[in-house]
Amino acid sequence: LTQTAEPVVHSLGEAAQFLRDARRVAVMAHVNPDADAIGSVLGLTRGLQSLGKDAVGALSDRVPEYALFLAGADAIRSTLPPDLEAIVCVDAAGVDRVGALYEENRDLFDRVPVLNVDHHHTNPLFGTVNFVDALASSTAELVFRLLTALEIQIDPPTATVLLFGIVGDTGSFQNGATTAGALETAGKLVGLGADNQGVAYYLFERKSFAAARLWGEIVGSIELDARRKIVFGVMSQRMLQSTGATAEETEGVAEYLRGISEAETVMLLKENPDGSLRLSMRSRPGVDVSRIASAFGGGGHRQAAGATVDGPPRAAKRALVEAYDRLLGA
Ligand code: AMP
Ligand code: MN
Ligand code: MN
């Protein structure tokens, strides 16, 4: 990666100039893309295309069902086109979070300039240009700032994809990421014709019958560490098989568990086919779970962070409690 010796945060103007200079560009986000990752990829790709640029969106994992209604979702690629001249990473807390698209194109990442647009405070500023604002609600909010700086006319479908990102990362304006900027930007996007009813339905309401049963299984698995105020949940491969649901349909379970009044921290362990566990943490204000995530090689935000940890769940819980006591214990 072409990096300056001292990683620095660049201004909106510098990031906008990077995009003005870019002609053949791919916009990518993190593995297991969430609403903010997808909305940011689509919003920036559509904006750059409206400037006549040869811009494509690409993700290492496929677009989840709940995002397929978004304009351009069907055009998101899983491989990169040839002859790229620039790369934009959005909502990626580190370049390795881009996944296979990074692993399989490391030479390209070394050769072309990389713009890093993100809001994770753990971001190591891996880009040639880093437009990183840890106080932003979402990367989609940063993409809105970029499109505005580039004087791009935001059409209703583009407004919808950006609203999708903001609503996703703020948990529908309920969690700690719900800043004035989130509300102001969402207001502008609704004014530009964003389909806020559609966003709310696809993000929070719509679910398959199988998913509702999987949620039941996960909620049935929870354990409370009353002293530490931690709720543990497990999603096993067996639960996926017995319900017929997919792992991506667990999106939202951790937030649901965070509402448990006896708890301040949620640790949800989702079993991968190889037995490793995807840890999803959520916390009440005052508990910084990103510190635990970092200790396990992951990252994220204070109130929402994750990592991949070794199984089985019993051993993972012990290791997590140990890390909690060491890092956050009184
Ligand atoms: P999740 O629980 O998967 O929704 O992730 C919560 C937050 O933590 C998101 O902002 C992710 O970007 C971040 N995150 C999750 N897993 C990782 C990881 N392995 N490394 C860095 N950040 C992560
Ligand atoms: Mn994300
Ligand atoms: Mn985000």
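The following conversation considers a predicted model and the reasons behind some of the terms applied to it.

Visitor: Why is Glu151 called exposed?

Guide: The relative accessible area of Glu151 is 72%, and the term exposed requires over 50%; therefore Glu151 is exposed. Glu151 belongs to the loop between α5 (139-149) and α6 (156-169).

Visitor: What makes Asn32 partly exposed?

Guide: Asn32 has a relative accessibility of 37%. Buried means under 20% and exposed over 50%, with partly exposed in between, so Asn32 counts as partly exposed. Asn32 sits in the loop between β1 and α2.

Visitor: What is notable about phi in Asn32?

Guide: Phi of Asn32 is near 45°, which is a positive value in a residue other than glycine. Glu151, which is not a glycine either, has a positive phi of about 55°.

Visitor: Which atoms are counted as donors to the manganese ion (ligand 2), and why?

Guide: The manganese ion (ligand 2) is coordinated by NE2 of His30, by OD atoms of Asp34, listed twice, and by OD of Asp91, at 2.1 to 2.7 Å. The cut-off for a donor to this metal is 2.8 Å, so these N and O atoms qualify. Along the sequence, the donor residues follow the spacing H-x3-D-x56-D.

Visitor: What does Asp91 bridge?

Guide: Asp91 bridges the manganese ion (ligand 2) and the manganese ion (ligand 3), which are 3.7 Å apart. His30, in the loop between β1 (24-28) and α2 (35-50), and Asp91, in the loop between β3 (86-90) and α3 (100-103), are 61 residues apart, and the pair links distant parts of the chain. Both His30 and Asp91 are buried.

Visitor: How do you know that His120 makes a polar contact with ligand 1?

Guide: A polar side-chain atom of His120 is 3.1 Å from an oxygen atom of ligand 1. The limit for a polar contact is 3.5 Å, and therefore this pair qualifies. A polar backbone atom of Gly306 lies 3.3 Å from an oxygen atom of ligand 1. The protein covers 83% of the 480 Å² of accessible area that ligand 1 has on its own.

Visitor: Which element gives the largest share of the shell around ligand 1?

Guide: The largest share, 4 residues, comes from β11.

Visitor: Which residues in the largest nonpolar core touch the most other members?

Guide: Of its 53 residues, Leu19, Leu44, Val88, Leu115 and Leu162 do so. Beyond its neighbours within four places in sequence, Leu44 is in contact with residues including Leu19, Val27 and Val88.

Definitions and conventions
Residues are numbered from 1 along each chain as its sequence is written. Chains are lettered from A and ligands numbered from 1 in the order in which they are written. This is a predicted model: local features need pLDDT of at least 70, side-chain atom pairs count only at pLDDT 80 or more; totals for chains, interfaces and linings use all residues. Side-chain values use heavy atoms; hydrogens and water are left out. A nonpolar core is a set of buried Ala, Val, Leu, Ile, Met, Phe, Trp, Tyr and Cys residues joined through side-chain atoms within 4.5 Å. Buried means under 20% relative accessible area, exposed over 50%, partly exposed in between (1.4 Å probe, protein chains only). Contact means heavy atoms within 4.5 Å. Donors are N, O and S atoms within 2.8 Å of the metal (3.2 Å for Na, K and Ca); water is not among the atoms, so sites may look incomplete. Helices (H or I, at least four residues) and strands (E, at least two) are DSSP runs, numbered from the N terminus. A polar contact is a pair of N or O atoms within 3.5 Å; within protein, one must be able to donate a hydrogen and the other to accept it, and residues adjacent in sequence count only if both atoms are side-chain atoms. Accessible areas come from the Shrake-Rupley method with a 1.4 Å probe; for residues, only the protein chains shown count as cover.
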